[in-house]
Amino acid sequence: LMPMVVRCNNRVSLAFGGYWVRSMQFCANHGVNQPMLLKIAINNMRTQLASTISEVQTDDDASSNSTGSFSSIANGTRLARVLFLEMDHNSAMFSNIVAELVECLKGSLDNPYKLVRHEIGSTIALLLDKVALSGHEPALTCCRDLFDVICKQAVPGKPNIIETAMSLVSKLSKLGGHECYIIPLLPVIFYALDSSDLDLNKLAKGVAGLIAINMGQMGVEAIKVLKIIGLEASVWQWRLIATEMTDVIVTRQGALIGLPACIHARKAIEKMLYDPQSEVQKTAANSLLKLLTSLHAQSESLEAVVKKYEKLASLKLLKKDEVEEEKYLKRQKQRHVGVLGLSSVVRAFPYSIPFPSSVIILSLKNNERGPVGSDAKGAVEEFKRTHHDTWETDKLVFSQDELEYIDYSPPTAGYA
């Protein structure tokens with residue numbers, strides 16, 4: 001009966017295919033010969049996948065045909081995946097089944113159908129997860145070979161394989177504990193950002209956040225890869241995502257990755273304050289703010305950071321018509337970086353004033369034109385807001401002349 005059931009599964013829609021998959025899962029749990037059932041399912045999946053090699057159809061053609069060949073392939077792949085997950089890894093045929101499944105998947109990474117690529121990626125992720133838990137060395141070797149193939153083929157110019165790899169990374173990040181597989185595939189996230197497929201772009205951004213949140217002790221290695229692939233990239237969207245991921249890894253997993261790695265990451269983020277793209281600069285400034293909140297107000301490290309940015313922000317404004325344009329732009333960038341750094345320092349301590357001089361320097365930049373003045377003004381306004389209730393006490397750390405620079409005027413109370 002099994003071949004007949006498999007044929008029926010191939011001929012139904014995606015929705016009804018789920019019923020067949022669950023029924024076969026039930027059979028695998030109640031006395032049916034698991035290896036034999038799985039072999040039938042794998043052979044069916046191999047036949048279905050092979051049938052698409054000679055077809056020349058686009059994703060649009062596939063998406064418009066809800067009961068076409070792509071649904072048959074998706075149903076067959078789901079069936080083989082579910083039955084494999086139900087298989088006892090202590091079975092004598094486990095390694096052989098893994099080898100057959102790996103060979104079947106290896107030749108299908110570039111499948112022309114979008115849904116099938118998603119199913120292939122999810123299947124590979126669950127295969128890696130189950131084999132890793134089983135401890136079968138022959139099966140692990142097969143899976144490593146498959147993973148190496150994916151890493152080599154998921155490169156710019158191969159959008160289908162990139163999408164398959166993205167589905168793999170997405171599933172692995174949800175399963176958790178697979179940093180050894182995820183880190184080598186981090187470049188795929190950035191390749192996906194360049195895709196014209198908006199769904200793939202959205203998936204890449206979501207997976208980037210999920211990976212950063214779940215990253216454990218291998219966060220140091222992840223930061224190194226992000227620095228090479230993302231932070232030093234020519235595409236500003238790559239630098240933005242890499243900065244956000246580095247920020248999340250350090251702020252959430254700082255205790256796991258250690259102090260040296262945190263210092264290294266902070267320096268990398270501070271470097272992004274010089275980025276020519278304003279979105280990257282603002283993200284780096286917010287990241288620096290979070291990192292500075294973990295430092296004690298009297299720490300030598302924080303004092304060194306403050307002195308550095310106070311020096312940059314206090315640089316003399318050059319007249320554009322009196323110096324070379326390159327020198328003028330460099331000085332403006334330095335002064336802007338100084339203001340961004342001091343803004344992070346002031347905002348890191350919203351209810352205390354460990355560095356009054358930083359507030360004064362920002363206040364003196366309030367009326368300047370361009371990003372220097374606007375960012376300084378925003379920081380000062382935020383300072384006024386957070387110190388409004390305790391201003392009578394807080395203002396004692398300033399001299400009378402300094403208070404005039406701040407030009408403090410309590411905000412008017414409003415009622416909705």
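These legends go with several close-up views of one predicted model.

The model is predicted, so local features need pLDDT of at least 70 and side-chain atom pairs count only at pLDDT 80 or more, while totals for chains, interfaces and linings use all residues. Residues are numbered from 1 along each chain as its sequence is written, and side-chain values use heavy atoms, with hydrogens and water left out.

**View 1. The whole chain contains helices and no strands.**
The chain has 22 helices and 0 strands. Helices (H or I, at least four residues) and strands (E, at least two) are DSSP runs, numbered from the N terminus. Of the 416 residues, 49% are buried. Buried means under 20% relative accessible area, exposed means over 50%, and partly exposed lies in between (1.4 Å probe, protein chains only). The chain exposes about 20,700 Å². Carbon and sulfur atoms supply 54% of that area. Accessible areas come from the Shrake-Rupley method with a 1.4 Å probe; for residues, only the protein chains shown count as cover. Take the contacts with a separation of 6 or more: 70% of them join residues 24 or more positions apart. A contact means heavy atoms within 4.5 Å.

**View 2. Helix α6 runs roughly parallel to helix α8.**
Helix α6 covers residues 94–106, which is 13 residues. From first C-alpha to last it reaches 18 Å, close to the 18 Å expected at 1.5 Å a residue. The expected span is 1.5 Å times one less than the number of residues. Buried residues of α6 are Phe94, Ser95, Ile97, Val98, Leu101, Val102, Cys104 and Leu105. An α-helix has 3.6 residues a turn, so residues three or four places apart point the same way.
The partner, α8, spans residues 137–153. The two axes come within 8 Å and cross at roughly 10°. That angle makes α6 roughly parallel to α8. Axes are lines fitted to C-alpha atoms, for helices over the stretch in contact, and angles run from 0 to 180 degrees between N-to-C directions. Angles under 35 degrees count as roughly parallel, over 145 as roughly antiparallel, 65 to 115 as roughly perpendicular, and the rest as oblique.
On the α6 side, the contact is made by Phe94, Ser95, Val98, Ala99, Val102 and Lys106. On the α8 side, Pro138, Ala139, Cys142, Cys143, Asp145, Leu146 and Val149 take part.

**View 3. Asn111 is buried in a loop after α6.**
Asn111 sits in the loop between α6 and α7 (114–134). With a relative accessible area of 3%, Asn111 is buried. Ala50 is 61 residues from Asn111 in sequence. In space, their C-alpha atoms are 9.6 Å apart.

**View 4. Phe398 pairs with two aromatic residues.**
The whole structure holds 7 aromatic pairs. The rings of Phe383 and Phe398 have centres 6.4 Å apart and planes at 90°, so this pair is edge-to-face. Phe383 belongs to helix α20 (residues 370–386). Phe398 lies in the loop between α21 (391–394) and α22 (400–406). The two are 15 residues apart, and the pair links distant parts of the chain.
Trp391 also pairs with Phe398. Their centres are 6.2 Å apart and their planes 35° apart, a tilted pair. Rings of Phe, Tyr and Trp (its six-membered ring) pair if their centres lie within 6.5 Å; planes under 30 degrees apart count as stacked, over 60 as edge-to-face, and the rest as tilted. Phe383 and Phe398 are both buried, and so is Trp391.

**View 5. Phe190, Tyr191 and Trp238 form one aromatic cluster.**
Look for the three rings of Phe190, Tyr191 and Trp238.

**View 6. Helix α16 has its buried residues covered by other helices.**
Helix α16 runs over residues 278–292. Its 15 residues should span 21 Å at 1.5 Å a residue, and its end C-alpha atoms are indeed 21 Å apart. The buried residues are Val280, Gln281, Thr283, Ala284, Ala285, Ser287, Leu288, Leu289, Leu291 and Leu292. Their cover includes α14 (236–257), α15, α17 (300–313) and α18 (325–348).

**View 7. Helix α15 holds Pro260 and His264.**
Helix α15 covers residues 259–271. Pro260 is exposed, at 64% relative accessibility. His264 is partly exposed, at 35%. His264 touches Ile223 and Lys227, not counting residues up to four places away in sequence. The C-alpha atoms of His264 and Lys224 are 9.5 Å apart, across 40 residues of chain. Pro260 and Val220 are also 40 residues apart along the chain, with their C-alpha atoms separated by 9.5 Å.
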